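This report describes the fold of one protein chain, beginning with the packing of a helix and proceeding to the sheet, the internal spaces and the overall dimensions.

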Amino acid sequence: MEQRHLGRTGLRVSRIGLGTLTWGHTDENDAADLMKAFWEAGGTLVDTADVYGDGEAEYLLGRLMERLVPRHDLVIATKAGSVPDPERRVDGSRGHLLAALDASLARLGTDHVDLWQVHAFDPDAPLDETLQALDIAVSSGRARYAGVANFCGWQLAKAATWQLAAPGTRTRLASTQMEYSLLQRGVEREVLPAAVDLGVGLLPSSPLGRGVLTGKYRHATPADSRGGSDQLAPFVAPYLDDAASRIVDAVVTAADGLAATPLQVALAWVRDRPGVTAPIVGARNAQQLAASLSVETLSLPDEICQALDDVSAPVHRYPDQDWSTL
């Protein structure tokens, strides 16, 4: 699998990453099959978080690194900052973040993570305090690189600029993780331009539009799908409207013309967008993962990319466009 630099850093990662959001509820043998298939395909970037399965995803990943895949072959990314408290949900304090990192390392069974990310912006914690936790993590060797997730445009720009203001003292932001797909292009408004300008690599989550871009919801909701489960149906529902259906139809048409699958077309589109380093894909089993990894051989023709851009284009006017064109 092709490797790409993560933002404006020396860290290289596979251009498709493996997500572990559901690993807290995944059988260890199934997770082992996923990890082995990903590794054998040349995948390196594995993304997790301390709250996935209440820490069980990190435990499981640690066990697999111990017995299945060499630690040095992987780029392990985890996150901290999300908390189960419904009144707060995010804790970006230095104390919480560093304690969470130590707990993650213990669960993962490693002395460092390759990429440590603040899971969300905390409006109640001073941003410089949050970012200082990243500096301490890197300077202490517990993390090799640092990033953020779910920061809006101004939050990312402020954080990245702050870190660049004192080179050698602060660690630059390597990445930002945000939802991005043909069904969710909101990051193009401010987040992506800021990331490109500041040398921050984008790691798109839900690159298949929460599964909708595979086309499996076109005519009905499969009983074994996320949309068919009581727990995850609300997660999928926002992308089952008429506007989304038109985009999915266009993806299916493009796939038919390319002798490819809708999954391959949708994933190739986001993988090769300017500023994107590596989409993070999840899978229930090795067969699903193989379908995602098969996109490695596909590059979309320019005319197909343009057609998909046009059908899914978000409405961005003032102040994103030059005022004289309005």
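In this predicted model, helix α4, formed by residues 127-139, lies across three strands, namely β6, β7 (143-149) and β8 (173-179). The helix runs at about 160° to β7.

The strands beneath this helix belong to an open sheet of eight strands, arranged in the order β9-β8-β7-β6-β5-β4-β3-β10 with parallel pairing. Its edges are formed by β9 (201-205) and β10 (280-281), each of which pairs on one side only. A second helix, α1 (residues 28-40), also packs on the sheet, where it touches β3 (17-19) and β4 (45-47). The direction of α1 makes about 175° with that of β3.

Within the sheet, β5 (residues 75-80) and β6 (residues 113-118) are joined by four bridges in the parallel sense. One residue pair can be named here: A80 has V118 of β6 as its bridge partner. In general, the strands of a sheet pair through backbone hydrogen bonds, in either a parallel or an antiparallel manner.

V118 also appears in the lining of the largest cavity, together with A120, F121, D122, A125, L127, T130 and F151. A search of the whole structure finds one cavity of 30 Å³ or more. The second largest pocket is lined by 16 residues, and those closest to its centre are V51, S82, V83, P84 and R89. The two spaces are set out below.

| Space | Volume | Nonpolar lining residues | Polar lining residues | Charged lining residues |
|---|---|---|---|---|
| Largest cavity | about 30 Å³ | six residues | one residue | one residue |
| Second largest pocket | about 450 Å³ | eight residues | four residues | four residues |

What secondary structure does the protein contain as a whole? There are eleven helices and ten strands. Along the principal axes, the C-alpha atoms fill a box of roughly 55 × 50 × 40 Å. The radius of gyration is 19 Å, which agrees with a compact globule, because a globule of 326 residues would have a value near 20 Å.

Terms used: Residues are numbered from 1 along each chain as its sequence is written. This is a predicted model: local features need pLDDT of at least 70, side-chain atom pairs count only at pLDDT 80 or more; totals for chains, interfaces and linings use all residues. Side-chain values use heavy atoms; hydrogens and water are left out. Two strands pair if DSSP finds at least two bridges between them. Helices (H or I, at least four residues) and strands (E, at least two) are DSSP runs, numbered from the N terminus. Contact means heavy atoms within 4.5 Å. Axes are lines fitted to C-alpha atoms, for helices over the stretch in contact, and angles run from 0 to 180 degrees between N-to-C directions. On a 1 Å grid over the protein atoms alone, a cavity is a set of points where a 1.4 Å probe fits but cannot get out, and a pocket is an open set with protein on both sides within 12 Å along at least five of seven lines; lining residues have an atom within 4 Å of a point. Grid points are joined across faces, edges and corners, and a volume is the space filled by probe spheres set on the points. Ala, Val, Leu, Ile, Met, Phe, Trp, Tyr, Cys and Pro count as nonpolar, Asp, Glu, Lys and Arg as charged, and the others, Gly among them, as polar. The radius of gyration is taken over C-alpha atoms; the globule rule is 2.2 Å times the number of residues to the power 0.38.
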